[in-house]
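Student: I am new to this structure. Please pick one part and take a close look at it with me.

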Amino acid sequence: MKRTWYKEGFVYQIYPRSFKDSNNDGIGDIRGIIEKVDYLNDLGIDIVWLSPVYKSPNDDNGYDISDYKDIMEDFGTLADWKAMISAFHARGIKLVMDLVVNHTSDEHPWFIESKKNKANPYRDYYFWRKGRGKKKPNNWTSFFTGSAWEYDKITAEYYLHLFSKKQPDLNWDNPKVREEVKGIIKFWLDLGVDGFRCDVINIISKKRGLPNGKFKIGLIGSEHYMNGPHVHEYLHELNVDVLSKYDCFTVGEAVFIAPEAALKYVEEKNQELSMIFHFDHMFVDNIFKWILRPFKLKKLKRVLSRWQDKINGKGWNTLYLENHDQPRIVSRWGNDKEYHTESAKMLATMIYFQQGTPFIYQGQEIGMTNAHFTELSQYRDVETLNIYQLGRKKLHLTHKNMMKRLAYMSRDNARTPMQWNNDLHAGFSTREPWIEVNPNYNDINVEVAKKDDNSIYHYYKKIISLRKKYDIIVYGDYLELLPNDKNLYVYLRSLDDQILLVITSFTEKQVRFSLPKTVNYRDALLLLSNYEVNDNLTQFVTRPYEARVYLLNK
Ligand code: TEU
Ligand code: CA
């Protein structure tokens, strides 16, 4: 395994709209991030992944880009951005930008041109097709519900959009499109960025002819673009032509992918991506996100162990529990009431001692919870609002039923403003923010957390520092123990003559833990725990959501 900084670094994701508002217009911005650079440095993180800050009409909060080489007015200017990257670099923090190139905004000049007429030189930057009589060009559906085709009367044709209708898909088979993307990547690398998080990158290549999808439910047509026919060629081309010339890394967001397929992207010899985000563990408590099912620890363990086992030694994993598209983990698999602190710490322990680059999402380090919104009008997210309409109008589900699903899964759960202190609007802004602040900000905020030695914040800080101190946490091999236990997740990492033992309990019930006889060691050191520990590690009874990490010497 090649050793390198992006495997060793701890990544912090910033969702700029909700991080810190510097000019009090209710929207987070780049100057706000600059105010918090020392906060991030103090936490110990090494890399920042910044969600999109490019010019955008904000149909999907910046994931609909109208100018890839400039900054959204709400967020500031390119000069502000330059000041921000300098502030990061001055503290040794790297910056990763979000690269959203499966689609542009419909307000991007390329799309505006391509709409004009069929002969326009930009026409072929997108997928324009005639209808089949009165019907759409094919039966594909969008990630955000409804048909993936939108009719445009100027040329009486439809264009493809796998996300909202303001996010037309780019045609990567057109070499000019690939050259444009290379230009964008080069532009930011030359300004000093250290890498990219590549949005929905495994769906950029669509099957020629755009045939109808076989399955009639779910994301119809997806078999024709998930890990599509030329995706590996195109990513290899970007890598060889641009990325490989810089000291940078890429993390690709890959939807609905198995580890075997993931390896093709991340095996070092293939020269495509450095690592990917998969979603397998995010589907443990739901099917297609909106059909909820009970969380089962055994399922989670099976999924995570499979990813560890298949990628280990060949590629590199990512470790995450939250991002701007997922609900808050402590509300999801923990207990955000009686055991808020214990369960948030346990979940962090469970994931961040595995092999892979760790990513935390803003607010996760203080245990921010779901928003618990009760009115539809409190939601802002385009996906959330669309799914509500689909549930009500097409499936005839009750308002109450839909609100329950949203309260659990909506992306807005992660998008409420960062909770900095006890001031009005949690110190995020002095003005009413674009989305409501979680009312629990008086108890859960950075200022309170910093003062409390037992806080989730200090626990995260400890995890981050341990990872810097012990190579085994970064590079050790993974081995799961007790796979049939319904309550405990226990695993080992091993490197040379050391073993790391991670024990986590997913229940408030007491569970008897016994270390399997196969684990032999001479001495043990407790590196981390979410309770005080006075007993022996070979056998003990767990407390609610208990977590322990031991370093064993063979
Ligand atoms: O997300 C793609 C994706 O598949 C999902 O996680 C998405 O958020 C949705 O919940 C599917 O049900 C990426 C971005 O992370 C997301 O914010 C964007 O909305 C999307 O791509 C389009 O750019
Ligand atoms: Ca602002």
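**The largest cavity and its surroundings**

Tutor: Start with the lining of the largest cavity: helix α9 (297–311) and strand β14 (318–319) each give at least two residues to it. Bear in mind that this is a predicted model. Of the elements, α9 makes the largest contribution to this lining, with three residues. The volume of the cavity is about 70 Å³.

Now go around the wall. Leu304, Trp307 and Gln308 line the cavity. So do Asn317, Thr318, Leu319 and Tyr320. His278, His281, Ile351 and Gln354 complete the list. Sorted by class, the wall has six polar residues, five nonpolar ones and no charged ones.

This cavity has company. Searching the whole structure turns up six cavities of 30 Å³ or more. The second largest has a volume of about 60 Å³. Its wall includes Leu99, Ile185, Phe196, Cys198 and Ile201. Leu235, Leu238, Leu243, Thr250, Glu272 and Leu273 line it too. Two elements, β9 (195–198) and α7 (231–241), each supply at least two of the residues in this wall. By class, nine residues here are nonpolar, one is polar and one is charged.

Set the cavities beside the largest pocket. That pocket holds about 1,100 Å³ of space. Its lining runs to 47 residues, and nearest the centre lie Ser142, Phe143, Phe288, Trp290 and Ile387. Two or more lining residues come from each of β12 (286–287), α12 and α13. Helix α12 gives the most, with five. The lining splits into 23 nonpolar, 12 polar and 12 charged residues.

How do α12 and α13 sit against each other? Helix α12 covers residues 382–394, and helix α13 covers residues 399–409. Their axes come within 10 Å and cross at roughly 150°. The two helices are therefore roughly antiparallel. The crossing of α12 past α13 is right-handed.

Look at where they touch. From α12 come Thr384, Ile387, Tyr388, Gly391 and Arg392. From α13 come His399, Met402, Met403 and Leu406. By class, this contact has five nonpolar, three polar and one charged residues. One name links the two places: Ile387 takes part in the contact with α13, and Ile387 is also one of the residues nearest the centre of the largest pocket.

Definitions and conventions. Residues are numbered from 1 along each chain as its sequence is written. Chains are lettered from A and ligands numbered from 1 in the order in which they are written. This is a predicted model: local features need pLDDT of at least 70, side-chain atom pairs count only at pLDDT 80 or more; totals for chains, interfaces and linings use all residues. Side-chain values use heavy atoms; hydrogens and water are left out. Axes are lines fitted to C-alpha atoms, for helices over the stretch in contact, and angles run from 0 to 180 degrees between N-to-C directions. Helices (H or I, at least four residues) and strands (E, at least two) are DSSP runs, numbered from the N terminus. Angles under 35 degrees count as roughly parallel, over 145 as roughly antiparallel, 65 to 115 as roughly perpendicular and the rest as oblique. A crossing is left-handed if the near helix is turned anticlockwise from the far one by less than a right angle, and right-handed if clockwise. Contact means heavy atoms within 4.5 Å. Ala, Val, Leu, Ile, Met, Phe, Trp, Tyr, Cys and Pro count as nonpolar, Asp, Glu, Lys and Arg as charged, and the others, Gly among them, as polar. On a 1 Å grid over the protein atoms alone, a cavity is a set of points where a 1.4 Å probe fits but cannot get out, and a pocket is an open set with protein on both sides within 12 Å along at least five of seven lines; lining residues have an atom within 4 Å of a point. Grid points are joined across faces, edges and corners, and a volume is the space filled by probe spheres set on the points.
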